Each structure stands twice: as structure tokens, then as C-alpha cells.
Amino acid sequence: MKYYIGDVSGNDGFWSEPKAYLVLNSLFYDGIGTEKARTAEGKFLNPAVLDDVDRLLDFYDNMFSAFYKCRAERDVITYRVERYNDFLPIWNTNNTVSFTSTSTGGFLDSYRDRKGITLIKFFIPESVSCINVAEVLDFYAKPDEAEILLPPFMYLDLIQTVPTEKEMKITDSDGKSPENSCIAVCNCWNDVKERTGSLSADGAEAGQRVYEALNNGRIPIQEDIELYVEFKRDFRRIYKRTFKDYCT
């Protein structure tokens, strides 16, 4: 959890990356649209995160295990400034797509560094799977973020809303008001069972070349894109579970 939120140290290419979450979350999205959006915002996708596939999967195993153990102790309302392009698959599937950072402190300025935004207010009922970062860590490096982390593949009841006059003053990195706003009521999450299967090192290496191209403002070669996108599909097959049989 410390690694995910960026509380890192040392000079190891993997463990010292304070924004590894940019890569860790991108694997949950189809295509390379989310990677393009992040690099267009000037963010760096560190290829070293994909250096060791087994280490990478071990990280996800442990993160999902933490969600299995942690539940909301009471009803909570949280907020997120989401990229509009990343909001669309949430809206289309009624699920969180990746690890989803939300805050009890409102719509944070630190999340307004993206192009095109949607405002999401989350209602998290008592006993729903989530991680209150300040409560689970012995030292919380970013207390101002007041973070409640939601797992991927959580079912959401979504309600489209109209941004208030105050919310319209929340702008993206280009000074533009939100595209829209939404209420998301968190529902069920079926914990991931013991993982079986692994991932191709060739796909990970292709992903590294895709990152290097995007980081340097180049278009990745099509063969690398196809290998990396298939790598991401395999990744989601390993972890994704359906939720309809578990929702009430």
C-alpha cells in the first residue's frame, strides 16, 4: 500500500518509483488510450514497472488480498476528479475499472492536472470493500489526500448529475470546466480467488517499448501495441470476476 500511494525510497527501478500507479492502473484499461492520455499530460510511464512479471503479479495479489480484508466501518462519502476518457468505461460497464483513489476531503486540487474531467461523488456503504489508507498504514505520507481506495471491478450504481455552479469552477489542466458529474453508489465486490496463470514476458517488453515511445512523444510501432494490448487482456483475464451473482 505504501508503494502504491508513492511512499517509496531507494534507487531500485521498480520500488523507488513514486508514481508507479500510472502504470499499475493502466493495465486495467483496454487499448492504449489511457497511456496516451497520461503522457499527453506530461506524466512519465516508467518501463521498469514491467521489468519482472512475477514481481508485478505478486504486487497485485497482495493488493487484492488487502481489499478482501478491509471494509468500510461506516457509511462514507468520497470524491474524485476523474479523467473524462477514463470515466467512459466506468459509465459503460457500471464498474470501477482500476484501483480508484477517492478522498473524504472533497475534489482535490492535486487531481486537476488532467485534460478533460468528470466529477464523481461516491457513496460507500458500511461493510463494502475499500481501504482507508490512513487507518491501515502505520505512517501515512499524504494525510492531506484523506484517501479511500476502491478496488477494480466493483459494481457501481451510477446516476448522471449536473455540476453545481461551485463545481463548474473546478477546472482541468487547460482551465476547462467539468464535462459532467456523476453519483456512484458502491455495491458489491467479489474478492479475487487465488491466482492461477501468469503473463508473457514478451508482452511486458512490448509494453516497455510502448511506454518509451509515448514518453518521448513518438507513436509506438503497431506490433508492440498489439503485443502489449494482448498482454493487458491476459492480465484482466487473470484477475477479473463477474459480480452479478453476488449483488443484492
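1. With which residue does Glu 41 form a salt bridge? In this predicted model, the partner is Lys 43, and the closest N and O atoms of the pair are 2.8 Å apart. Glu 41 and Lys 43 are both buried.

2. The pair belongs to a wider arrangement of charges. A network of salt bridges links Arg 38, Glu 41, Lys 43, Arg 83, Asp 86, Asp 113 and Arg 114. Over the whole structure, a search finds 17 salt bridges.

3. Within that network, Arg 83 is bridged to Asp 86, with 3.7 Å between the closest N and O atoms. Arg 83 has a relative accessible area of 3% and is therefore buried, the limit for that class being under 20%. Asp 86 is likewise buried, with a relative accessible area of 3%.

4. Asp 113 and Arg 114 also meet through their side chains in a salt bridge, at 3.6 Å from N to O. Here the two partners fall into separate burial classes: Asp 113 is partly exposed, because its relative accessible area of 32% lies between the 20% and 50% limits. Arg 114, at 5%, is buried.

5. Arg 114 leads on to the largest pocket. Among the residues lining this pocket, Tyr 21, Leu 22, Ser 101, Tyr 111 and Arg 114 lie nearest its centre. The lining comprises 23 residues, and the pocket has a volume of about 380 Å³.

6. Several secondary-structure elements contribute to this lining. At least two residues each come from helix H1 (2-5), helix H2 (21-26), strand S1 (76-83) and strand S2 (100-103). Classified by residue type, the lining of the largest pocket holds 11 charged, 7 nonpolar and 5 polar residues.

7. A separate point concerns Glu 17, in the loop that runs between H1 and H2. Glu 17 is buried but has no salt bridge. Lys 19 provides the nearest side chain of opposite charge, and that side chain is 7.6 Å away. Since a salt bridge requires the side-chain nitrogen to be within 4 Å of a carboxyl oxygen, this pair does not qualify.

8. What polar partners does the side chain of Glu 17 have? One is the backbone nitrogen of Lys 19, which lies 2.8 Å from a polar atom of the Glu 17 side chain. Another is the side chain of Asn 46, joined to that of Glu 17 by a polar contact of 2.8 Å. Lys 19 thus appears twice in the surroundings of Glu 17: through its backbone nitrogen at 2.8 Å, and through its side chain at 7.6 Å.

Methods:
Residues numbered from 1 in each chain as written. Predicted model: local features only at pLDDT ≥ 70, side-chain atom pairs only at ≥ 80, totals over all residues. Heavy atoms only, no water. 1 Å grid on protein atoms, 1.4 Å probe; cavity = no way out; pocket = protein on both sides within 12 Å on 5 of 7 lines; lining within 4 Å. Points joined across faces, edges and corners; volume = space filled by probe spheres on them. Helix = DSSP H or I, 4+ residues; strand = E, 2+ residues; numbered from the N terminus. Nonpolar A, V, L, I, M, F, W, Y, C, P; charged D, E, K, R; others polar. Buried < 20%, exposed > 50% of the residue type's maximum accessible area, 1.4 Å probe, protein only. Lys, Arg positive; Asp, Glu negative; His and termini not counted. Polar contact = N/O pair within 3.5 Å; in protein donor to acceptor, adjacent residues only side chain to side chain.
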